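Colleague: I have a chain to go through with you. Put it on the screen and let us take it in turns.

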Amino acid sequence: MPLGEEMRSLAQSIIGSFDARAAGIAALRQQVSTQMREVDQARRAMAQRLHADLPQAEAQRKAGVQGWLREVD
């Protein structure tokens with residue numbers, strides 16, 4: 001194979017591998033974006049549940065303290 005053809009073949013191989021890597025990176029970026037969106041949704045749902053539980057937790061804590069204070073007196 002003449003040198004010119006080998007150089008063209010090498011250049012095409014480099015271009016092909018670059019395109020394959022770029023496509024792989026694009027797929028990974030999409031996957032990470034989807035996962036991050038899911039994590040964010042899960043975090044927001046957990047925050048809503050925890051926020052909804054605050055009044056009950058506060059009432060239990062106050063009742064516990066009042067009971068302890070009655071025992072101490």
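**Salt bridges and spread**

Modeller: Arg44 and Asp40 form a salt bridge, with their closest N and O atoms 2.9 Å apart. Keep in mind that this is a predicted model.

Colleague: How many residues apart are Arg44 and Asp40 in helix 1?

Modeller: Both residues belong to helix 1. About one helical turn separates them, because their spacing along the helix is four residues.

Colleague: Which residues are linked with Asp40 in a network of salt bridges?

Modeller: Asp40 also meets the side chain of Arg43 in a salt bridge, 2.7 Å from N to O. Asp40 and Arg43 lie in helix 1, three residues apart, about one turn of the helix. Asp40 bridges Arg44 as well, at 2.9 Å. The residues linked with Asp40 in the network are Arg43 and Arg44.

Colleague: Is Asp40 buried, partly exposed or exposed?

Modeller: Buried needs under 20% relative accessible area, and exposed needs over 50%. Asp40 has 27%. Its partner Arg43 has 45% and counts as partly exposed. Asp40 falls between the cut-offs too, so the class is partly exposed.

Colleague: Which residue meets Glu58 in a salt bridge?

Modeller: The contact is 3.2 Å, N to O. The two residues lie in helix 1, four residues apart, about one turn of the helix. Glu58 is partly exposed, at 35% relative accessible area. The partner, partly exposed at 47%, is Lys62.

Colleague: What does the count of salt bridges come to?

Modeller: Asp40 bridges Arg43 and Arg44. Glu58 bridges Lys62. The count comes to three.

Colleague: How far apart do the centres of the positive and negative side chains lie?

Modeller: The protein has 10 positive and 9 negative side chains. The centres of the two sets are separated by 5 Å.

Colleague: How many helices and strands are there in the protein?

Modeller: Helix 1 covers residues 3-72. The totals are one helix and zero strands.

Colleague: Why is the protein more spread out than a compact globule?

Modeller: For 73 residues the globule rule gives 11 Å. The C-alpha trace spans about 100 × 20 × 10 Å along its principal axes. The protein counts as more spread out because its radius of gyration is well over the rule, at 31 Å.

Colleague: How far apart are the C-alpha atoms of Leu3 and Met46?

Modeller: Leu3 is found in helix 1. Leu3 is exposed, with 62% relative accessible area. Met46 is 43 residues from Leu3 along the chain. The separation between their C-alpha atoms is 64 Å.

Colleague: What percentage of the residues count as buried?

Modeller: A residue must be under 20% relative accessible area to be buried. The accessible surface of the protein is about 6,800 Å², with 61% of it belonging to carbon and sulfur atoms. Of the 73 residues, the buried share is 0%.

Colleague: Which residues make the nonpolar surface patch of about 380 Å²?

Modeller: Patch residues need over 30% relative accessible area and no salt bridge. Val65, in helix 1, is partly exposed at 42%, so Val65 passes the area cut-off. The residues that make the patch are Val65, Trp68, Leu69 and Val72.

Technical notes: Residues numbered from 1 in each chain as written. Predicted model: local features only at pLDDT ≥ 70, side-chain atom pairs only at ≥ 80, totals over all residues. Heavy atoms only, no water. Rg over C-alpha atoms; globule rule 2.2 N^0.38 Å. Buried < 20%, exposed > 50% of the residue type's maximum accessible area, 1.4 Å probe, protein only. Areas by Shrake-Rupley, 256 points an atom, 1.4 Å probe, with all protein chains shown as cover. Lys, Arg positive; Asp, Glu negative; His and termini not counted. Charge placed at Lys NZ, Arg CZ, Asp CG, Glu CD. Patch = residues over 30% accessible without salt bridge, like charges linked within 9 Å, V, L, I, M, F, W, Y side chains within 5 Å. Salt bridge = Lys/Arg side-chain N within 4 Å of Asp/Glu carboxyl O.
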